[in-house]
Structure formats: C-alpha cells, structure tokens
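Biologist: Please take a close look at one pair of packed helices in this model, and describe how the two lie against each other and which residues make the contact. Some setting from the rest of the chain would also help.

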Amino acid sequence: MPTVPTYPYHKRLTGPQATAEPIAQPNESSVTSQRLDFMHQVQEEVKTKGQLSETSLDQLAVSHLNEESANTPAAWDYAALRYTAKHEAGRDEHQHQIQQLEQEERWTQQVSATLPDSASLKTYLDLQIPAYKTRLQQAGLNPQEVQEQAARLQAQAVVKNMSYSLAQGDWQTAQQVLEDHGAYLSEATRISCARQVCQSYARAEAARLWRQGALQQANQPQQTQTWALEHLEEPNASLRENIRREIDILAETAHRKTAADQAVVYEQLAHTDVPQAQELLETQQVLSEPMLEQALQAVRRSQTPASDKQQAWFVKNYCQARPAQVQEAFEKGLCSGRDYLLLQARQLQQQAGQDTSAEDWLLRGINVWMNRQGFDGQDITRATYAVLSGAGRTEDRLQIWQKIKTLLTC
C-alpha cells in the first residue's frame, strides 16, 4: 500500500513529524461518516467526468481528509484509488500511443499504395521505417517486438503498393516492386503476389489479343475467340493456359452481351408494326445473317393472329422450348410469326444470363388461380397467351393479368 498523504495532501504520515506529534484518532462514528462522505464524492466525480484522475483525488482529499484521517478507512480508500488512478493513467497513455501507431501504420500503407514505381516506394520506406522503429521504442516495445512490427509494416506497404498497381492493370510495376522488395515478404506472400502478377499479365495479354481479333473479325465473338487463340504465342505453358482461360472468359462475356442485345431487337420486333420492324431490321447491327433472314420472315407474318392451335403450342412450349424446336414449329406453321419473335427473345434472355423466373411464377399463378376457380384448359390457355403476348416486361404482363382477373370475377 502506498504512503497516504493527509491534510494538506502533500504531507506524509511517515517521518519525524509523525512520531514527534502523535495524531489524535477520530471516533468510530466520525470515521464511518467521513469514509461514506468521501465515497459519495468519489462516485459523483466518476459519474460526472467518467473517470477519476490523480489530481481529482488529491483535490477531494484536501476537502475531505485531514490530519486526523491518517490510518483510517477513508485514507486507505484514497491511497488505493490514487494508486489505481495512476496505473490507469499510465495504461491510458500507453493505449493512446498504440492507437497512434496503428493510425500511422494505416496511413503509411495508404501512402505506399499510391506511389507510382518501385524506386519511389523504396525512398519512402527508407525514411519512414526507421522513424517508425523509434516511435515503437518510445512506446515501450522491446527490440524484438520493434523489429517484428517494423518488418510487418514494410511487408504490408509493399503488398498494398502491388495491389494498387494490379487493380489498375499495371502488372509491370507490380512485377518490378516484387523483384525489388520481395525480400521483405514471407515465402507464402511472395508466391501469392507472383501468382497475382501472372494472372494480371494473362488478363492484359488476353485483352490485347481480343481487341486485335475484334478488329479483324468485326466484333463477332466466336470468330474473335478463334482468332485470339490462333495468335496466342506465349512460350510459357502455364502462362499460355492462363491466357487461354482469360480469352474464354472474354468470349463468354461477349456472347452474353450479344445475346442480350439480340433479345432486345426481337422483343422490339414483336411489339411494333411491320414497317417499323422492317426499318429496325435494316438498321440493327447485332443479328447474324441467318437470324436476320428468319426474323424478316417472322415480321412479315407477325400481323396474322395466332390460331387456337398456335396459341396452345406457344403456351405449352414457352418455358422449355429449345431453339431448334421453335425454328421447326415456325417452319411448320405451329408457331405464329409474332410468337416466334417472342420465343426468340425469351431464349436469348436466358442465354444472356438474365433472370426469367418472374415469368415462370406468373404463369404458375395464372394456372393455379384459374384451376381453383373452375375454368377449363382452353380458357386458361387463352388467358395465359394474352398475358405473354400482350407485353414484354413482367410488370406490364402483371397489369394485363390483373385486368383479365378483374373481368373474370365480375
């Protein structure tokens, strides 16, 4: 237990003064009252300020403790609380230093990430890391801890810089940084960074070949993919395989985009009159020659209403018909011209990866509701056909269904 100051609080109980002039001891009732009063004041101080400092305790001691308080419960409370306050102050200061260091670490990493080349990164870290070590020492870390944290910060700064370059597609700078600063990284981190550099190079090389192929093949995805693969000359087998995969990804993306664009054209053709549809076919740039020829035939027949038999075939095959089936049905007259265009749009939307589940749920809802209401199959087919052929967007089809439902329940 630390030595307890009494009133005035800077004096001590030990020493000549304490032995030469014995202090009169207060009675038990006074001691209890004094301790409780001191306790309430301390609690109020904590409640008001959120903490209790050494200075606050000393001030409370001056106002509530006196010469007679030596070696009493109130004095021992004061001594223990002051010792705790001092300990807490030291711990708070240490925690503040740690937080400042953590902020410095984050900022150093952020600045490192933006440096444009390996040389500027080296210059920056050569200045910051020694200063960082000094601050670690001042925070009370031992030499081994200082070395470990400084090495960790340097490695993190290098990785951040590489990650920033790779995010920009600049694999050359990232590779140079890895060569110059790789010694600061662990083996696992070096391997991971090297893999990322190789992958970034593969993406860049695939994109270069794809751009050249697109110019040669008029942006036709299949022909562009073939051209790019034929001109892939990377000697390293592993890198060559990575580039091939990246070309395949570009091809898949291009196929999906083309399918989405083609779906839009077919949907527009299905919901416009013949002159406008023909004009659209003359100006569009996404349909291939075979698709264009079939679309023109469908447009020319699009104003002929679908027969009951054609409506039934359309409703039955809307969700699961394959492209070959649709083409055959159109040629045999089982599918009307307008319905052919709608089915082409639906299938292309699915090829593009678009979510068509809302239409499926709508069709199921129509079928379930009308069956429960006792309508026969022919009525269900007619209502379903009206909904599917009346609009292209799910929201618009819902409105059509609500109108039909209202009419059926009048």
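Modeller: What follows begins with the basis of the values, turns to the helix pair and then adds some of its setting.

This is a predicted model, in which local features need pLDDT of at least 70 and side-chain atom pairs count only at pLDDT 80 or more, while totals for chains, interfaces and linings use all residues. Residues are numbered from 1 along each chain as its sequence is written, and side-chain values use heavy atoms, with hydrogens and water left out.

The protein has 18 helices and 0 strands, where helices (H or I, at least four residues) and strands (E, at least two) are DSSP runs numbered from the N terminus. Two packed helices are described by the angle between their axes and the distance between the axes. For helix H17 (residues 377-390) and helix H18 (residues 394-408), the axes come within 8 Å and cross at roughly 150°; axes here are lines fitted to C-alpha atoms over the stretch in contact, and angles run from 0 to 180 degrees between N-to-C directions. H17 is therefore roughly antiparallel to H18, a term that applies to angles over 145 degrees. The crossing of H17 and H18 is right-handed, meaning that the near helix is turned clockwise from the far one by less than a right angle.

On the H17 side the contact (heavy atoms within 4.5 Å) is made by Ala383, Ala386, Val387, Leu388 and Gly390, and H18 contributes Arg397, Ile400, Trp401 and Ile404. These residues divide into 7 nonpolar, 1 polar and 1 charged, with Ala, Val, Leu, Ile, Met, Phe, Trp, Tyr, Cys and Pro counted as nonpolar, Asp, Glu, Lys and Arg as charged, and the others, Gly among them, as polar.

As for the setting, 37% of the 410 residues of the protein count as buried, that is, under 20% relative accessible area with a 1.4 Å probe and protein chains only. One of the buried positions is glutamine 262, at 9% relative accessibility, which has its place in helix H10 (residues 237-270). Leaving aside residues up to four places away in sequence, glutamine 262 touches Val286, Leu287, Met291 and Leu348. Among contacts in the protein between residues at least 6 apart in sequence, 63% join residues at least 24 apart.

Conventions:
Angles under 35 degrees count as roughly parallel, over 145 as roughly antiparallel, 65 to 115 as roughly perpendicular and the rest as oblique. Buried means under 20% relative accessible area, exposed over 50%, partly exposed in between (1.4 Å probe, protein chains only).
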